[in-house]
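The following questions and answers concern one protein model. Please keep the sequence and structure in view while reading.

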Amino acid sequence: MASLDIANVKKAYGDVEVIRDVSIGVPDGAFVVLVGPSGCGKSTLLRMIAGLEDISGGTISIGGKVINEVEPKNRDIAMVFQNYALYPHMTIAENMGFSLRLAGRPKPEIAQRVEDAARILGLSDYLGRYPKQLSGGQRQRVAMGRAIVRNPQVFLFDEPLSNLDAKLRVQMRAELKELHARLKTTMIYVTHDQIEAMTMADFIVVMRDGVVEQMGAPLALYDTPSNLFVAGFIGSPAMNQLPGRLVADENGSRFVGAGDIAWPLETSIRTDRPVTLGIRPEHLVPAPDGQGVPARIKLIEQTGSETYVIAHFGETPIVALFRQRLPLAIGDTISLTLAPGAAHLFDTETGQRLTA
């Protein structure tokens, strides 16, 4: 196990910068998820850690040792790719032990390491089979087993679950967390799926256009997003973002927006600049007529345990999430208000969170 330190790292292809002065400190044994939209630079950063991409500036250190010029094979890392990349003519045991064979490790040691990894991953009964005889989830376990047998200081995962169906992804998320709890090895995991990030990470790094927008514990990012991008990216359904302004008088502050929106807010923020009100869907609450803002229901989605309502304040769309079942129908008008203390305020022009 080892810590990982990324200090002022840059990556450019000619004049095009794809990683811009990124600094991330990963504690020993942490499970860190790099998340962001396609093209944000997260996979490029992972490949730079692995040594598969050159570094244009800055340093990357593992266990306090700078590895910028260290060959990939000597970095003591193991990488699991989106593609399983298994050798079809080799058995599962041979696939898992292949890197150890290349390293010239003794056969008894290879057999023991493969057996140990197979037991951890529930593959002991499949070691004599070939990849074509396994399911997608089992093949992904083999790919992870091939990494585990190397006993690296750092594991790198590049969207390893994206080829699996939805049910299997949920199962594999849980298995990866259990694996991390058992091995206690530093893991860096790349995904564009923020649900994976929220459910698996000790620490999330949100990236956009080659820069880090925010990093921290999953619930910290959910509860206090630093800007409109993070607010819209973390959370499913996404946070509602309503443009408007703050009005203060002797009765306190209220948010005024399009569609006859006027909500009182518990805030000490004062600004004349345009603001954006962020509201998590679960923080919109049905209110008695005349006590909230009326919204026309456009769509209702029932999942059994939850009800999603897509409605419009005038022309302004909004998504509400209710845990209880309500007698609603498309075309109805529902009066909505905010849960106490649930408002997020952002400067509309800069996108940054407003605090007081």
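**Helix α3 and strand β8**

Q: What covers the buried residues of α3?
A: The model is predicted, so local features need pLDDT of at least 70 and side-chain atom pairs count only at pLDDT 80 or more, while totals for chains, interfaces and linings use all residues. Residues are numbered from 1 along each chain as its sequence is written, and side-chain values use heavy atoms, with hydrogens and water left out. Helices (H or I, at least four residues) and strands (E, at least two) are DSSP runs numbered from the N terminus, and contact means heavy atoms within 4.5 Å. The cover of the buried residues of α3 includes α2 (92-102), α4 (136-148) and α5 (166-183).

Q: Within what arc do the buried residues of α3 fall, seen down its axis?
A: Buried means under 20% relative accessible area, exposed over 50%, and partly exposed in between (1.4 Å probe, protein chains only). In α3, I110, V114, A117, A118 and L121 are buried, whereas P108 and R119 on the other side are exposed. The buried residues line one face of the helix, because the directions from the helix axis to their C-beta atoms fall within an arc of 100°.

Q: Which residue of α3 forms a salt bridge with D116?
A: A salt bridge is a side-chain nitrogen of Lys or Arg within 4 Å of a carboxyl oxygen of Asp or Glu. D116 is partly exposed, with a relative accessible area of 25%. Its partner lies 3 residues away in α3, about one turn of the helix. At an N to O distance of 3.2 Å, that partner is R119.

Q: With which residue of α3 does E109 meet in a salt bridge of 2.7 Å, N to O?
A: E109 counts as partly exposed at 21% relative accessibility. E109 also forms a salt bridge with R105, the closest N and O atoms being 3.1 Å apart. The partner at 2.7 Å is 4 residues from E109 in α3, about one helical turn. This partner is R113.

Q: How many residues of strand β8 are buried?
A: In a regular strand the side chains alternate between the two faces of the sheet. T186, I188 and V190 point one way from β8, while M187, Y189 and T191 point the other way, and all are buried. The strand is therefore largely enclosed by the rest of the structure, the buried count being 6 of the 6 residues.

Q: Which residue of β8 is the bridge partner of F155?
A: Two strands pair if DSSP finds at least two bridges between them. β7 (residues 154-158) and β8 pair in the parallel sense over 5 bridges. F31 stands opposite M187 in β8, and the bridge partner of F155 is likewise M187.
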